Amino acid sequence: MMIPNADCLVFMDVETTGLDAQQERIIEVFLLKIARSGHVSEYETLIHPERPIPAVITEITGITDQDVAEAPTEAEVAHEIREFIGSGIPVAHNLPFDRRFFNAMFARNNQVQLSAAGIDTLALSRQLFPRLCIYPEGGGSHRLSNLMYHFGLQNAFANSHRARDDVMLLVEVYRHLQDYASGRMGITYPSAVTHGCPTCGAAMKMEFYEGERVLVCTKQPACSERLVV
Ligand SMILES: [Zn+2]
């Protein structure tokens, strides 16, 4: 795994009560720190959001009000979270989202903000695979779940929308993106898999018919492109 010019990478994921980093709160954090030396450490906590968890969030994450009833509040853990991240380089899928939530929490609790430095696997995926085909349970070209299927990680990992599982998947996805970018993976993908429909440029959908992998244009019926890959 390529480690940029920093002592360590901190792979991170948060679950939250919603999308707005100012209005909503973090309910779960998982951090995995991988030092240049190879030393690995982790930090994990649920956080009491001091408000009810919306039903839609419980549906996505499985985290209930009862699960966080005994959890510390952000005031009790913001300091140790900031200390754990330290000067490590943050890595996340859609890093700006996680960073906004961390920085809003750090601002409320007198902790130093995270810098703009970091590695966003969503941005990496967009660069490497501009119109990545969408796998049956993938959800969308650049979703972490779609990258899981693209790299064939679905038997060992899960995109469960729980912070620990998603970070474990994130580390593997990051490793695969790096290996692909550096040529170490030694494989190339058909252009329609990574760059979309040869006719209209839209992303393709991967479908499976009797053991065959078929790419179908997402713009069907306007575009009828179909390719066996
Ligand atoms: Zn098309």
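In what sense do β7 and strand β8 pair, and over how many bridges? In this predicted model, β7 and β8 (residues 226–228) are antiparallel partners joined by three bridges. Within this pairing, V216 lies opposite R226 of β8, and L215 has L227 of β8 as its bridge partner. The two strands belong to an open sheet of three strands, ordered β6-β7-β8, in which the pairing is antiparallel. Strands β6 and β8 occupy the edges and have a single partner strand each, so one side of each lacks a neighbour in the sheet. On average, and with direction ignored, neighbouring strands of this sheet are turned by 25° against each other.

The other pairing of this sheet links strand β6 (residues 204–209) with strand β7 (residues 212–217) through six bridges, again in the antiparallel sense. K205 stands opposite V216 of β7; V216 in turn faces R226 in β8. A hairpin is formed by β6 and β7, with two residues between the strands. In its turn, E210 adopts a positive phi of about 45°. The loop between β7 and β8 contains P221. The peptide bond that leads from Q220 to P221 is cis, its omega being near 5°.

A second sheet is also open and comprises five strands in the order β3-β2-β1-β4-β5, with mixed pairing. Its edges are held by β3 and β5 (119–120), each of which has a single partner strand, so that one side of each is left without a neighbour in the sheet. Helix α4 packs on this sheet and touches β1, β2, β4 and β5. The direction of α4 makes about 80° with that of β1.

Strands of a sheet pair through backbone hydrogen bonds, in either a parallel or an antiparallel arrangement. Both arrangements involve β1: nine bridges connect β1 to β2 in antiparallel fashion, whereas β1 and β4 are parallel and share three bridges. On the β2 side, E15 has E28 as its bridge partner. On the β4 side, L9 is placed opposite I89. Strand β1 is mostly covered, with eight of its nine residues buried. Strands β4 and β5 also run parallel and are joined by two bridges; here A92 stands opposite D120 of β5.

Helix α3 comprises twelve residues (residues 74–85), and its length was compared with the expected value. At 1.5 Å a residue, a span of 16 Å should result, and the end C-alpha atoms are 15 Å apart, which agrees. The buried residues of α3 are E74, V77, A78, I81 and I85. These residues cover an arc of only 125° around the axis, which places them on the same side of α3. An α-helix has 3.6 residues a turn, so residues three or four places apart point the same way. The cover over the buried residues of α3 includes β1 (8–16), β2 (26–35), β3 (40–46), β4 (89–92) and α4 (95–108). After α3 comes G86, which has a positive phi near 55°.

Positive phi values also occur in loops at residues other than glycine, including E50 and N94. For E50, phi is near 60°, and the residue belongs to the loop between β3 and α1 (55–61). E50 counts as exposed because 11 C-beta neighbours lie inside 10 Å, and the cut-off for exposure is 12 or fewer. For N94, phi is near 70°, and the residue is located in the loop between β4 and α4. With 15 other C-beta atoms within 10 Å, N94 is partly exposed.

Notes: Residues are numbered from 1 along each chain as its sequence is written. This is a predicted model: local features need pLDDT of at least 70, side-chain atom pairs count only at pLDDT 80 or more; totals for chains, interfaces and linings use all residues. Helices (H or I, at least four residues) and strands (E, at least two) are DSSP runs, numbered from the N terminus. The expected span of a helix is 1.5 Å times one less than its number of residues. A residue is buried if 20 or more other C-beta atoms lie within 10 Å of its own, exposed if 12 or fewer, and partly exposed in between; C-beta atoms are placed from the backbone. The arc is that of the directions from the helix axis to the C-beta atoms. Two residues are in contact if their C-beta atoms, placed from the backbone, lie within 7 Å. Two strands pair if DSSP finds at least two bridges between them. Axes are lines fitted to C-alpha atoms, for helices over the stretch in contact, and angles run from 0 to 180 degrees between N-to-C directions.
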